[in-house]
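The following exercises are to be worked with the sequence and the structure at hand. Each task is followed by a solution in steps.

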Amino acid sequence: MMNYNIRGENIEVTPAIRDYVEKKVNKLDRYFVKTPDTSVNVKLKVNPDKTSKVEITIPMPQLVLRAEETNEDMYAAIDLIADKLERQIRKHKTKVNRKLREKGSTRELFTPDAVLKEKQARKEEDSELQIVRTKHFNLKLMDSEEAVLQMNLLGHNFFIYTDAETNHTNIVYRRKDGKYGLIETK
């Protein structure tokens, strides 16, 4: 059973909005063999420019489904995010089920489609996930500011480096909002 945790930022979560979110996300049930026992985390936000942002995260033991969408209309954003989650499931369900079988699980997470659809999806996945180029390089010791500078100089969206203080491999990346993020390894 999916339990909903719906939070609003700069907006009151009305029963109508709550019902609409639950109705849209519950449509994902058809893709699962058994409805997952999980919490659906929903964050609704109204920005100062009056646009609405919706974030939905569905953590499960085998995977995490997550999507976010911004739109002028809250209900339209909810529709778009439900479609986005559905596309994620359709795109990855064959791969997730295959991984579960490889790990020795007899239970599949997603309902199987017709054999023909599965073969077609596998072809699409293989072509999408095909590695077409491999690069090798030595990581240099630097701090995060220098790594961001290097990333910008190269015109990349991310940069991998060895942190001079911790000697761990870290990654800096450019976020959608134009700011920077840091992933630290241990």
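**Exercise 1.** Does Glu165 count as buried or exposed?

*Solution.* The model is a predicted one, in which local features need pLDDT of at least 70 and side-chain atom pairs count only at pLDDT 80 or more, while totals for chains, interfaces and linings use all residues. Residues are numbered from 1 along each chain as its sequence is written, and side-chain values use heavy atoms, with hydrogens and water left out.

Step 1. Recall the classes: buried means under 20% relative accessible area, exposed over 50%, and partly exposed in between (1.4 Å probe, protein chains only).

Step 2. Glu165 counts as exposed because its relative accessibility is 78%.

Step 3. Locate the residue: Glu165 belongs to the loop between strand S6 (158-163) and strand S7 (169-174). Helices (H or I, at least four residues) and strands (E, at least two) are DSSP runs, numbered from the N terminus.

Step 4. Glu165 gathers with Asp143, Glu145 and Glu146 in a surface patch of negative charge. Such patches are made of residues with over 30% relative accessible area and no salt bridge, like charges being joined within 9 Å and nonpolar side chains (Val, Leu, Ile, Met, Phe, Trp, Tyr) within 5 Å.

**Exercise 2.** Describe the order of helices and strands along the protein chain.

*Solution.* Step 1. The elements of the protein chain are four helices and eight strands.

Step 2. Along the sequence, they give the pattern β-α-β-β-β-α-α-β-α-β-β-β.

Step 3. The protein chain has 186 residues, of which 31% are buried.

**Exercise 3.** Identify the residues that touch the most other members of the largest nonpolar core, and the elements that contribute to this core.

*Solution.* Step 1. A nonpolar core is a set of buried Ala, Val, Leu, Ile, Met, Phe, Trp, Tyr and Cys residues joined through side-chain atoms within 4.5 Å. In soluble globular proteins, nonpolar side chains tend to be buried together.

Step 2. The largest nonpolar core holds 28 residues, and those touching the most other members are Val25, Val40, Val54, Ile56, Ile58 and Leu65.

Step 3. Two or more residues of this core come from each of strand S1 (2-9), helix H1 (15-26), strand S2 (38-46), strand S3 (52-59), strand S4 (64-71) and helix H2 (74-102). H2 supplies the largest share, seven residues.

**Exercise 4.** Which residue forms a salt bridge with Lys24? Set this pair beside other salt bridges of the structure.

*Solution.* Step 1. A salt bridge is a side-chain nitrogen of Lys or Arg within 4 Å of a carboxyl oxygen of Asp or Glu. The whole structure contains 10 salt bridges.

Step 2. The partner of Lys24 is Asp79, and their closest N and O atoms are 3.3 Å apart. Lys24 lies in helix H1 and Asp79 in helix H2, so this pair ties together parts that are 55 residues apart in sequence. The C-alpha atoms of Lys24 and Asp79 are separated by 7.1 Å.

Step 3. Lys24 counts as buried because its relative accessibility is 18%, whereas Asp79, with 27%, is partly exposed.

Step 4. Lys84 and Glu69 form another salt bridge, with 3.0 Å between the closest N and O atoms. Lys84 lies in helix H2 and Glu69 in strand S4, so the pair ties together parts that are 15 residues apart in sequence. Lys84 is partly exposed at 24% relative accessibility, and Glu69 is buried at 18%.

Step 5. Salt bridges that share partners also join Lys53, Glu55, Arg66 and Glu68 into one network.

Step 6. Within helix H1, Arg18 and Glu22 lie four residues apart, about one turn of the helix. Their side chains meet in a salt bridge (3.9 Å, N to O). Arg18 is partly exposed at 31% relative accessibility, as is Glu22 at 23%.

**Exercise 5.** Where are Asn10 and Lys50 placed? State the phi of each residue.

*Solution.* Step 1. Most residues other than glycine have a negative phi, and most peptide bonds are trans.

Step 2. Asn10, although not a glycine, has a positive phi of about 65 degrees. Asn10 is placed in the loop between S1 and H1 and counts as exposed at 61% relative accessibility.

Step 3. Lys50 is not a glycine either, and has a positive phi of about 70 degrees. Lys50 is placed in the loop between S2 and S3, where it counts as exposed at 64% relative accessibility.

Key
Accessible areas come from the Shrake-Rupley method with a 1.4 Å probe; for residues, only the protein chains shown count as cover. Lys and Arg count as positive and Asp and Glu as negative; His and the chain ends are not counted. The place of a charge is taken as NZ of Lys, CZ of Arg, CG of Asp or CD of Glu.
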